[in-house]
Amino acid sequence: MKNLTFLIIFLSVSLSTFSQKIEGLAPTPQMGWNSWNKFGTDINEQMVKEMADALIATGLKDAGYNHILLDDGWMAMERDAQGNLVPHPEKFPNGIKVVADYVHSKGLKFGLYNCAGSKTCAGYPGSRGHEYQDALKYVEWGVDYLKYDWCSTGKLNAEEAYITMRDAIYKAGRPILLSICEWGENKPWDWAQPIGHSWRITGDIYNCFECEHDHGGYFSWGAMNILNMRDQEMLRKVAGPDHWNDMDMLEVGNGGLTPNEEKTHFALWAILNSPLLLGNDLRNMSKETLDILTNKEIIAVNQDALGIQGFKYKTEGTVEIWVKPMVNNEWAICFFNRSQDPVDFIFNWEGQTIKDNVFDKEITFDKGNVYKIKDLYLHKEIGNTKKALKRKLEKNQSLVLKIYK
Ligand code: GLA
């Protein structure tokens, strides 16, 4: 009897303190718009509403981008007397809930940024010591997504700090997607799967294809630097539905990349299952930018239900061949000329076997196995794998294909 009483007490205590990640919020990599790349902390209510409107008017929402995410700079410099976060009085004079309500009224989800440390990276109040209080505030405002950064964290243990926020969200009782942003410094790929829905793998992206930008003490990185910085073979093993490697927000449409480079950047982020978060001004986009960002067939590669992160099959000369297995034995293939010079590229399908040993997928091209080929930027079927592929690829240009029966 005594033992039974102990067991009942033990079980009820355990259950009441039980916390976990809320699963099912990112079965495929999350998509949306984030304010940081283009606007930094220069954000406000009117602009955010306009961005939600533009997401719809441009067809981006229809293409799958369904989040409006406010990055750093939405808060006042100080918490209130009760320790609550306060919306920035000039930028958000009517509070955050009004903005979240507006975003929701458009059928979109709404997200905010904060930081595990005492201050955010731009110097606003961080969540350290206020995690449970902040989570309740997010619920009050109707927040669906939290990007949780890593500035001013001192000697904090990253895994524990992110667990604290995960538990605070769980306790607060609203399904809030947790986007971990500690730049890969503490190897989140080793521990973050039960905690967050995605984790950044590097420091910040910079508006260039390949460059390093020194901010005086820390660097941000071109798209290709990010691609190269980590062991992609290792990363793909630990990614999947609800736990994605985040290669940072897109720089498409921000003017630092050539059109060919923007297409390569977008295709590789898609193939590597990165979240697709727009980082440009949606109110003011060229047709070329919009065409890239609303390319439904490339988005479908990123959002494929198998959730298998792509990989580099091989490099031939200057051409890197990135591939991704998808449902129904369809494959995405990206031939990327990683060179300053154009190349006349020939690829003989016959005799090639692409093997994914991690996820046990394979595709062979021979006389009995002929596949159709679709060019996903031209939106056109371009023949089949019987004939060798011949293409001129310009500097940093990619040919992005789908191979299917
Ligand atoms: C860090 C993050 C960025 C952005 C800024 C905001 O640098 O990595 O993505 O959120 O903070 O200050």
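**A note on strand 4 and its surroundings**

1. Let us start with one pair of residues: L146 faces L178, which belongs to strand 5. Please keep in mind while you look that this is a predicted model. The pairing of strand 4 with strand 5 (residues 177-180) is parallel and has four bridges.

2. On the way between these two strands there is a helix to follow. Strand 4, helix 6 (residues 158-172) and strand 5 together form a β-α-β unit, and its hand is right-handed.

3. Strand 4 also pairs with strand 3 (residues 109-115), again in parallel, through five bridges. One place to find this pairing is G111, whose bridge partner in strand 4 is Y145. From strand 3 the chain passes through helix 5 (residues 131-141) before it reaches strand 4, in a right-handed β-α-β crossover.

4. Buried or exposed: how do the residues of strand 4 sit? Y145, K147 and D149 point to one side of the strand, L146 and Y148 point the other way, and all are buried. With five of its five residues (145-149) buried, strand 4 is largely enclosed by the rest of the structure. It is worth turning the model to see both sides, since the buried set includes K147 and D149 as well as L146.

5. Now step back to the whole protein, which has eleven helices and 20 strands. Its radius of gyration is 23 Å, close to the 22 Å that the globule rule gives for 405 residues, so the protein is as compact as a globular protein of that length. Along the principal axes, its C-alpha atoms fill a box of roughly 70 × 60 × 40 Å.

6. How much of the protein is buried? Buried residues account for 54% of the 405 residues. The exposed area of the protein is about 17100 Å², and 50% of that comes from carbon and sulfur atoms. Of the contacts between residues at least 6 apart in sequence, 68% link residues at least 24 apart.

7. A last stop for your tour is N273, found in the loop between helix 9 (259-271) and strand 10 (276-278). N273 has a relative accessible area of 1%, under the 20% limit, so it counts as buried.

8. Which residues does N273 touch, leaving aside those up to four places away in sequence? They are P29, W244, N245, V301, N302, G307, I308, Q309 and K324. With K324, the side chain of N273 makes a polar contact of 2.4 Å. G307 is 34 residues from N273 in sequence, while their C-alpha atoms are 7.4 Å apart in space.

Terms used: Residues numbered from 1 in each chain as written. Predicted model: local features only at pLDDT ≥ 70, side-chain atom pairs only at ≥ 80, totals over all residues. Heavy atoms only, no water. Buried < 20%, exposed > 50% of the residue type's maximum accessible area, 1.4 Å probe, protein only. Pairing = 2+ DSSP bridges. Right-handed = clockwise from strand over helix to strand, strands pointing away. Rg over C-alpha atoms; globule rule 2.2 N^0.38 Å. Contact = heavy atoms within 4.5 Å. Areas by Shrake-Rupley, 256 points an atom, 1.4 Å probe, with all protein chains shown as cover. Polar contact = N/O pair within 3.5 Å; in protein donor to acceptor, adjacent residues only side chain to side chain.
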